[in-house]
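Trainee: I've got a model open on my screen and could use a guided tour. Could we zoom in on one kind of side-chain pairing and see what sits around it?

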Amino acid sequence: MTVTEHETAAAETPVPAPDPATVVRALSCRFPRWTIWWGESTARYWGMSRRPDGGFVYVEAASAQEFVHWARDIDSRAS
């Protein structure tokens, strides 16, 4: 089986990153107790959630994956 030039070019074409607003909507669906936003100036994801004691906890993350990591960690300790 040979690889055509078209297939090679398609494999090398990077997939564009999703729009931050789309990512925020997806994260908000996944973490409904969190208020999540994209910082235009910081180019980072931010989130805020209420702790069981009534206080707030904040997360700042460079990527959606990092945000998921921290939010899961915080939520697991709050349970």
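Trainee: Read along the sequence, which pattern does the chain follow? After that, please take a close look at the salt bridges: how many does the count come to?

Mentor: Read from start to end, the pattern is α-α-β-β-β-α, which comes to 3 helices and 3 strands. Helices (H or I, at least four residues) and strands (E, at least two) are DSSP runs, numbered from the N terminus. Before we zoom in, remember that this is a predicted model, where local features need pLDDT of at least 70, side-chain atom pairs count only at pLDDT 80 or more, and totals for chains, interfaces and linings use all residues. Numbering runs from 1 along each chain as its sequence is written, and side-chain values use heavy atoms, leaving out hydrogens and water.

Now to your pairs. Side chains of opposite charge can pair when their charged atoms come close. We call it a salt bridge when a side-chain nitrogen of Lys or Arg is within 4 Å of a carboxyl oxygen of Asp or Glu, and by that rule there are 4 here. Let me take you through some of them.

Start with arginine 33 and aspartate 75, whose side chains meet at 3.8 Å, N to O. Arginine 33 sits in the loop between α2 (20-30) and β1, while aspartate 75 belongs to helix α3 (residues 64-78), so this pair ties together parts 42 residues apart in sequence. Arginine 33 is exposed, at 51% relative accessibility, but aspartate 75 is buried, at 19%. The cut-offs there: buried is under 20% relative accessible area, exposed is over 50%, and partly exposed lies in between (1.4 Å probe, protein chains only).

Arginine 33 also has a buried neighbour to check out. Serine 49, in strand β2 (residues 44-50), has a relative accessible area of just 2%. Leaving aside residues up to four places away in sequence, serine 49 touches Arg33, Trp34, Gly55, Phe56 and Val57; a contact means heavy atoms within 4.5 Å.

Strand β2 supplies a partner for the next pair, too. Glutamate 60 bridges to arginine 44, with the closest N and O atoms 2.6 Å apart. Glutamate 60 is in strand β3 (residues 56-61) and arginine 44 in strand β2, so parts 16 residues apart in sequence are tied together. Both ends are partly exposed: glutamate 60 at 38% and arginine 44 at 25%.

Another bridge joins arginine 51 and aspartate 53, at 3.2 Å between the closest N and O atoms. Arginine 51 is partly exposed, at 39%, whereas aspartate 53 is exposed, at 59%.

One more stop, back along the chain from arginine 44. Alanine 43 lies in the loop between β1 and β2 and has a positive phi of about 55° although it isn't a glycine. Most residues other than glycine have a negative phi. Alanine 43 is partly exposed, at 42%.

Finally, how does the whole chain come out? Of its 79 residues, 25% count as buried. Among contacts between residues at least 6 apart in sequence, 25% join residues at least 24 apart. The chain exposes about 5,900 Å², with carbon and sulfur atoms supplying 58% of it; these areas come from the Shrake-Rupley method with a 1.4 Å probe, and for residues only the protein chains shown count as cover.
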